[in-house]
Amino acid sequence: MSTPITPEHGPAAGDFGPLTLDDLANRAEKAHAEHLEGYTASTVLHRLYMAEAFGNEELRAALDLLFSRLDLARVRTREEWRQAYNSWAIPAGVDPVPADPTVMDGEVIATVDELYGFPPDNDPAA
């Protein structure tokens, strides 16, 4: 997050006092940390995939399954973080994080490249 989560970033709206905003900020930070853990796990699995999976179909299949489950977990944790952050940001007077336009009902519907009209990397016509 580019803006640190503190209640000093804007006027509190409604009945949100500094302790409530601090609690919301703590919840958003925790959700963000959990979301980032998915990227750490993905990095470790990718390194294992690159180092050990060549020629080992069983390991590659298992890692592919883990990657797909990890992708779903990242979609879920990003949305949980976004909701927690926005629960703090709106009353604190900070711009909320918009919904991910590539995700609908927890499923990825487009890549960022597709969303913005760039051809996929594996397209031979590109």
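Q: Which residues does Thr77 touch, not counting residues up to four places away in sequence?
A: In this predicted model, Thr77 touches Glu34 and His35 once those sequence neighbours are set aside. The word is justified by a cut-off: heavy atoms must lie within 4.5 Å. Thr77 itself belongs to helix α2, which covers residues 57-92.

Q: Why is Thr77 called buried?
A: The relative accessible area of Thr77 is 5%. Buried means under 20%, and therefore Thr77, at 5%, qualifies.

Q: What makes the pairing of the side chains of Thr77 and His35 a polar contact?
A: The two side chains come to 2.9 Å. A polar contact requires N or O atoms within 3.5 Å, one able to donate a hydrogen and the other to accept it. The value of 2.9 Å for Thr77 and His35 falls within that limit, so the name applies. The side chain of Thr77 also has a polar atom 3.3 Å from the backbone oxygen of Arg74.

Q: How do you know whether Ser42 is buried or exposed?
A: Ser42, in helix α1, has a relative accessible area of 16%. The limit for buried is under 20%, so Ser42 is counted as buried. Apart from neighbours within four places in sequence, Ser42 is in contact with Phe67, Leu70 and Arg74.

Q: Which other residues of α1 are buried, and against what do they pack?
A: Besides Ser42, the buried residues of α1 include Leu21, Leu24, Ala28, His35 and Leu45. The buried residues of this helix pack against α2.

Q: Why is Glu29 called partly exposed?
A: Glu29 is found in helix α1, and its relative accessible area is 36%. Partly exposed covers the range between under 20% and over 50%; a value of 36% lies in that range, so the term fits Glu29.

Q: How far apart are the C-alpha atoms of Glu29 and Tyr85?
A: These C-alpha atoms are separated by 7.7 Å, although the two residues are 56 residues apart along the chain. A second pair links Glu29 to α2: Trp81, found in that helix, has its C-alpha atom 8.0 Å from that of Glu29, with their positions 52 residues apart along the chain.

Q: How do you know that the span of α1 agrees with what is expected?
A: The 35 residues of α1 should span 51 Å at 1.5 Å a residue, and the end C-alpha atoms are 51 Å apart, so the two values agree. For α2, with 36 residues, the reach from first C-alpha to last is 51 Å, close to the expected 52 Å. Just after α2, Gly93 takes a positive phi of about 80 degrees.

Q: What makes Trp81 and Tyr85 an aromatic pair, and why is this pair called tilted?
A: A pair of rings is described by the distance of the centres and the angle of the planes. By the rule for ring pairs, the count comes to 3 aromatic pairs. In the pair of Trp81 and Tyr85, the centres are 5.8 Å apart and the planes 40 degrees apart. The centres must lie within 6.5 Å, and tilted is the name for angles that are neither under 30 degrees nor over 60. Both conditions are met by 5.8 Å and 40 degrees, so this is a tilted aromatic pair. Ring pairs link Trp81, Tyr85 and Trp88 into a cluster.

Q: Why are Trp81 and Tyr85 separated by about one helical turn?
A: The two residues are 4 residues apart in helix α2, which means a separation of about one helical turn. Each also counts as buried: Trp81 has a relative accessibility of 10%, and Tyr85 has one of 5%.

Q: Which residues have the most contacts inside the largest nonpolar core?
A: This core has 13 residues, and those with the most contacts inside it are Trp81, Tyr85, Trp88, Ala89, Ala92 and Val94. Helices α1 and α2 each supply at least two residues of this core, and α2 gives the most, with 6 residues. Apart from it lies another core of 5 residues, among them Leu45 and Phe67.

Q: What pattern does the protein chain follow along the sequence?
A: The pattern is α-α-β-β-α, in keeping with a count of 3 helices and 2 strands. Of its 126 residues, 26% count as buried.

Terms used
Residues are numbered from 1 along each chain as its sequence is written. This is a predicted model: local features need pLDDT of at least 70, side-chain atom pairs count only at pLDDT 80 or more; totals for chains, interfaces and linings use all residues. Side-chain values use heavy atoms; hydrogens and water are left out. Buried means under 20% relative accessible area, exposed over 50%, partly exposed in between (1.4 Å probe, protein chains only). The expected span of a helix is 1.5 Å times one less than its number of residues. A nonpolar core is a set of buried Ala, Val, Leu, Ile, Met, Phe, Trp, Tyr and Cys residues joined through side-chain atoms within 4.5 Å. Rings of Phe, Tyr and Trp (its six-membered ring) pair if their centres lie within 6.5 Å; planes under 30 degrees apart count as stacked, over 60 as edge-to-face and the rest as tilted.
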